[in-house]
Amino acid sequence: MDQITFQHDTVLSDIHMLLPNAHHLMTRLNGVGQPVFISKFKIMSDGERHDRNDPGEGLKEVEEYDKKKEDGGKDTKVAQGKDGEEGGKGNVEPFLDEDGDLDIMHRPRTNPKEDSGRDVVCPVILQQSNPVLEQEEGDTDDEDDKPLNNIIKIEHTMATPLEDVGKQVWRGAFFLADFIVSKPHIFRGATVLELGAGTGLTSIIMATIAKTVYCTDVGEDLLSMCKKNVTLNRHMMEPADADMEFSWTEEEVADIYNNTKIIIAADVCYDDDLTDGLFRTLYRLCCSFSHTCTIFISIEKRMNFTLRHMDVSCDAYNHFRHCLFQLQDLVDGRCSFRVEQLPSNFAQFLLYERIEQLLRWKVLCWRCAAAASSGAGNALQSCCPGVQVAQSAGHLLVRTGLLLWLACQRL
């Protein structure tokens with residue numbers, strides 16, 4: 001069941017391929033029939049973490065693990081060779097049964113209950129997800145598996161089509177999570193909005209530090225998986241507010257616009273249309289804020305061979321940079337933006353390959369004085385033509401359940 005079938009449009013995250021001793025437990029099928037796995041990721045302590053000074057440090061455990069496997073195989077072969085030589089250079093007669101066939105001696109099996117090194121594995125019939133069954137399974141897991149504050153449990157899929165890559169865990173999310181853990185003073189006590197949260201890993205890490213985190217993405221199946229991950233890791237957050245749903249009330253929408261000081265996005269710019277939608281969303285959100293906002297974006301600079309160039313290029317990243325500096329050069333009297341690429345020399349707390357193509361950008365936004373006195377309703381209305389907006393006591397009342405991220409992609 002754990003075998004992955006690749007097709008021409010299949011995409012698999014490096015996170016799921018390079019982790020040593022990684023056992024991805026297949027738990028269920030999601031609403032569209034895709035296998036769902038659950039993995040555990042450890043937040044390393046100061047003594048365990050890998051510094052960024054050595055670009056290949058994050059893979060040392062992988063290489064050592066592979067080397068041990070190879071050495072173990074060689075030792076076994078050498079031992080078998082020595083045993084053959086000591087036996088008199090092949091003079092030992094093989095064990096034959098009464099029919100003349102080779103009789104193989106099997107090692108006696110121990111009782112699984114007496115063997116404490118392995119758990120008893122029972123077959124399970126996987127079915128598509130059922131909310132009631134998921135809740136019951138979650139309650140059972142909580143009783144049997146004691147949560148640890150340094151272990152994150154994430155439900156995800158593997159080897160998905162391009163449109164479902166948000167259901168996997170990507171290096172960009174780990175990279176941004178490392179930055180959050182290494183610089184907690186930036187986010188402590190803040191209200192944070194994440195766009196394109198995917199499995200929710202970065203939002204979960206952020207929720208251990210920030211005051212409020214709005215975790216947003218597109219698609220009911222993806223959002224249900226994200227909600228499940230928040231529930232699985234609620235022991236890391238404040239119990240009272242660990243998995244509250246956003247109901248689009250006037251107070252909740254007002255809280256986003258009045259208090260959101262930081263926006264984050266992890267590895268969401270791999271397609272030009274999505275990149276355009278992201279920057280339209282950022283622009284209109286920042287124009288609706290009455291205060292300064294800081295945006296942190298992590299991205300992996302992916303190299304691909306293209307027939308158009310007949311060479312290796314990074315078109316998605318180039319388009320991302322073009323949009324960044326286009327935003328910075330924008331002069332419309334409403335908002336001003338300053339773009340800055342940040343260094344990547346902060347500590348590494350999660351185990352993954354921190355390659356040099358992982359980059360981090362910071363965008364600082366502030367409203368112009370002339371635009372600060374105008375209402376934000378028109379900005380949201382132009383951003384999301386399918387969303388009805390009413391101005392009431394200075395607060396925006398959104399009358400539909402559409403996410404800003406989804407609405408801006410549909411422009």
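## Overall picture

Among contacts in the protein between residues at least 6 apart in sequence, 72% join residues at least 24 apart. The model described here is predicted. The protein has 411 residues, and buried residues make up 43% of them. Its secondary structure comes to 13 helices and 15 strands.

Two open sheets are described below, followed by a pair of helices and some single residues.

## The sheet of six strands

One open sheet has six strands in the order β7-β6-β8-β9-β13-β12, and its pairing is mixed. The edges are taken by β7 (212–215) and β12 (335–342); each has a single partner strand, so one side of each is left without a neighbour in the sheet. On average, neighbouring strands of this sheet are turned by 20 degrees against each other, with direction ignored.

Within this order, strand β6 (residues 191–194) pairs with strand β8 (residues 260–266) in the parallel sense, over four bridges. Val192 stands opposite Ile262 in β8. In general, the strands of a sheet pair through backbone hydrogen bonds, and the pairing is either parallel or antiparallel.

## The sheet of three strands

A second open sheet is made of three strands in the order β2-β3-β4, with antiparallel pairing. Here the edge strands are β2 and β4 (151–156), each of which pairs on one side only. Neighbouring strands of this sheet are turned by 30 degrees against each other on average, direction ignored. Helix α7 (residues 220–232) packs on the sheet and touches β3 and β4. The direction of α7 makes about 160 degrees with that of β4.

Strand β2 (residues 25–29) and strand β3 (residues 35–42) run antiparallel and are joined by four bridges. Leu25 stands opposite Ile38 in β3, and Arg28 has Val36 in β3 as its bridge partner. The two strands form a hairpin with five residues between them. In the turn of this hairpin, Gly33 has a positive phi of about 85 degrees.

## Helices α9 and α10

Helix α9 (residues 272–288) packs with helix α10 (residues 315–328) at an angle of about 20 degrees, and their axes are 10 Å apart. Angles under 35 degrees count as roughly parallel, and α9 and α10 are therefore roughly parallel to each other. The crossing in which α9 passes α10 is right-handed.

Which residues of α9 meet α10? They are Asp272, Thr275, Asp276, Phe279 and Tyr283. On the side of α10, the residues met are Asp315, Ala316, His319, Phe320, Cys323, Leu324 and Leu327. The residues of this contact divide into seven nonpolar, two polar and three charged.

Helix α10 is also placed against strands named above in the sheet of six. It lies across β9 (293–300), β12 and β13 (358–367), and runs at about 20 degrees to β13.

## Two residues with positive phi

Most residues other than glycine have a negative phi. Ala159 is not a glycine, yet it has a positive phi of about 55 degrees. This residue lies in the loop between β4 and β5 (160–161). Is Ala159 buried or exposed? The cut-off for buried is under 20% relative accessible area, so Ala159, at 14% relative accessibility, counts as buried.

Asp267 also has a positive phi of about 55 degrees although it is not a glycine. The loop that holds Asp267 is the one between β8 and α9. At 8% relative accessibility, Asp267 counts as buried.

## Gly172 and its surroundings

Gly172 is found in helix α4 (residues 171–182). With a relative accessible area of 0%, Gly172 is buried. Which residues is Gly172 in contact with, leaving aside its neighbours within four places in sequence? They are Ala266, Asp267, Ser298 and Leu358. One of these contacts, Asp267, is the loop residue with the positive phi of about 55 degrees.

Gly172 can also be placed relative to Arg354. The two residues are 182 residues apart along the chain, while their C-alpha atoms are separated by 9.3 Å.

Methods: Residues are numbered from 1 along each chain as its sequence is written. This is a predicted model: local features need pLDDT of at least 70, side-chain atom pairs count only at pLDDT 80 or more; totals for chains, interfaces and linings use all residues. Side-chain values use heavy atoms; hydrogens and water are left out. Axes are lines fitted to C-alpha atoms, for helices over the stretch in contact, and angles run from 0 to 180 degrees between N-to-C directions. Angles under 35 degrees count as roughly parallel, over 145 as roughly antiparallel, 65 to 115 as roughly perpendicular and the rest as oblique. A crossing is left-handed if the near helix is turned anticlockwise from the far one by less than a right angle, and right-handed if clockwise. Contact means heavy atoms within 4.5 Å. Ala, Val, Leu, Ile, Met, Phe, Trp, Tyr, Cys and Pro count as nonpolar, Asp, Glu, Lys and Arg as charged, and the others, Gly among them, as polar. Two strands pair if DSSP finds at least two bridges between them. Buried means under 20% relative accessible area, exposed over 50%, partly exposed in between (1.4 Å probe, protein chains only).
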